[in-house]
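Subject: Structure handover

Hello,

The structure you asked about is below, with notes on what was found in it underneath. Please look through it alongside the notes.

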Amino acid sequence: MSDADHHKPFEHRRLLVVSTNYAPELTGIGPYAAQLAEHWAASGADTHVLTGMPHYPSWRTEAAYRGVWRTAESRVGVTVHRRRHYVPPRQTAVRRGAFEATVLAHGLLAPPGMRPDAVIAQLPSLAGGVIGARLARRHRVPYIPVVQDLMGAAAAQSGIRGGGRAAAVAACAERYALRAAALVGVIHESFVPRVTAYGVDPSRIRLVPNWTHVEGPSAVRAATRARLGWREGTPVVLHSGNMGLKQGLEVLVDAARLAPEVRIVLMGDGNQRDALQARAAGLPNLDFLPPAAADEFTDVLAAADVLAVTQRASVLDMSVPSKLTSYFVSGRPVVASVADEGGTAQEVRRSGAGVLVAPEDPGALLAAVRKLVDGPAEADALGARGPEYVARHLSREAGLARFDALLTEVLDDAQGRTRR
């Protein structure tokens, strides 16, 4: 095999990635979908993406895309097909259902005009999973869903209004999408029992963990703190990412109320931001910041004393926050206010880069923060394990190689069946 062939393993292949979230979104699954599609395009594949209009995590359609029904654009060698959909400003089961229904309808009524060799879909969303399965069936090509979150479990565990009824509907859609698959990718082993409960043979499940999609910090920490107005000597606890129901960020607002000497910072956006701001009214030690730009994101993380990941106590096997991969690369200790038996707790334990506390318990969270602040050597040692864990397990190269292996296995199996 020549060097050119080695670097173009998917040359002459045409791939379709279905992901409701995509670049230019900077958080959640959008960056992973974009880096995966761009990697396959660089590997020689004619890569297409069917996606929605950029809206996450603000849950507002970006200004440049408002009023646009359909568009095709080229981004880093990838042809991106965007379809308009409803964007709910607040999350209820009915609003989420309308979001999924409009994604599904527009995606099926106006799919990209190309015949792929394989279809890869990111779950969530439910609609994206169903679209991927239907398009693969229409073209009689292999279908690979990648489970980033489980919406059936999410509806039941996240506290969304009407979640019980929504969970049953979501589970039906997930079952359809997963059972239609040639292989199923899951980002964490904690998803496997629920996926197999949908009738997927365990032998068809492959582990494809998310990787750290951001670069490590580069700025001088003291300079970043000064720019942000974080005084030396004042402990800063930072949460970055989506402000949704499942995060249970009320615990951080209540912690700020109990500890005026600690600065709590919520950086990001989401459908619960307004409610959290109302809850935090009058607290001088709690700041809300917009999402940081990509080129300064990990510098801001590294400037904090402690990074917080929080989830409602009911959240067990529905998701593993993508923010953890960015937290680990920043080199700061993590305090995880999450259920002890969930996938997030497993990942924090595995990294050795943080401590676990009971969810929805501001006192327990503050006790852990104060212990880290009073023991800076221990805090630095914990934080240092994050980049080490990233280097061993979460590099971009390793993550993309797992997806290459997944795709190669499916394409080879399909080719073998054709020959027979």
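Arg140 sits in the loop between α4 and β6 (143-147); helices here are DSSP runs of H or I with at least four residues, strands are runs of E with at least two, and both are numbered from the N terminus. Although Arg140 is not a glycine, its phi is positive, at about 55°. Arg140 is exposed, and its relative accessible area is 77%. For this term, buried means under 20% relative accessible area, exposed means over 50%, and partly exposed is in between, with a 1.4 Å probe and protein chains only.

Before the rest, two remarks on how to read the model. It is predicted, so local features need pLDDT of at least 70 and side-chain atom pairs count only at pLDDT 80 or more, while totals for chains, interfaces and linings use all residues. Residues are numbered from 1 along each chain as its sequence is written, and side-chain values use heavy atoms, with hydrogens and water left out.

Other backbone points

Glu360 also has a positive phi in a residue other than glycine, near 60°. Glu360 belongs to the loop between β14 (354-357) and α14 (362-374), and at 48% relative accessibility it counts as partly exposed.

There are cis peptide bonds to check as well. The bond from Ala23 to Pro24 is cis, with omega near 15°, and Pro24 is in the loop between β1 and α2. The bond from Pro124 to Ser125 is cis, with omega near 15°; Ser125 is in the loop between β5 (118-123) and α4 (126-139).

Thr20 and Val49

Thr20 is in the loop between β1 (14-18) and α2 (30-42). Thr20 is buried, with a relative accessible area of 6%. Contact means heavy atoms within 4.5 Å. Neighbours within four places in sequence aside, Thr20 is in contact with Thr51, Gly52, His55, Phe99, Val103 and Ser125. Ser125 is the residue that follows the cis bond from Pro124. Thr20 and Leu150 are 130 residues apart in sequence, and their C-alpha atoms are 15 Å apart in space.

Val49 is part of strand β2 (residues 46-51) and counts as buried at 0% relative accessibility. Its contacts, again leaving aside neighbours within four places in sequence, are Leu16, Val17, Tyr22, Ala37, Val78, Thr79, Val80 and His81. Val49 and Ala381 are 332 residues apart along the chain, with 41 Å between their C-alpha atoms.

Helices α8, α12 and α13

Thr224 is in helix α8 (residues 221-228) and is buried, at 4% relative accessibility. Not counting residues up to four places away in sequence, Thr224 touches Ala219, Asp299, Val300 and Ala303.

Why is helix α12 (residues 323-330) described as largely enclosed by the rest of the structure? Eight of its eight residues are buried, so the surrounding structure largely encloses it. The buried residues of α12 are Lys323, Leu324, Thr325, Ser326, Tyr327, Phe328, Val329 and Ser330. Gly331, just after α12, takes a positive phi of about 85°.

Thr344 is in helix α13 (residues 343-351). Thr344 is buried, with a relative accessible area of 2%. The side chains of Thr344 and Gln311 are joined by a polar contact of 3.1 Å. A polar contact is a pair of N or O atoms within 3.5 Å; within protein, one must be able to donate a hydrogen and the other to accept it, and residues adjacent in sequence count only if both atoms are side-chain atoms.

The chain as a whole

The protein chain has 16 helices and 14 strands. Its radius of gyration is 21 Å, close to the 22 Å that the globule rule gives for 420 residues, so the chain is as compact as a globular protein of that length. The radius is taken over C-alpha atoms, and the rule is 2.2 Å times the number of residues to the power 0.38. Along its principal axes, the C-alpha trace spans about 70 × 50 × 40 Å.

Of the 420 residues, 57% are buried. Among contacts in the chain with a separation of 6 or more, 72% are between residues 24 or more positions apart.

Regards
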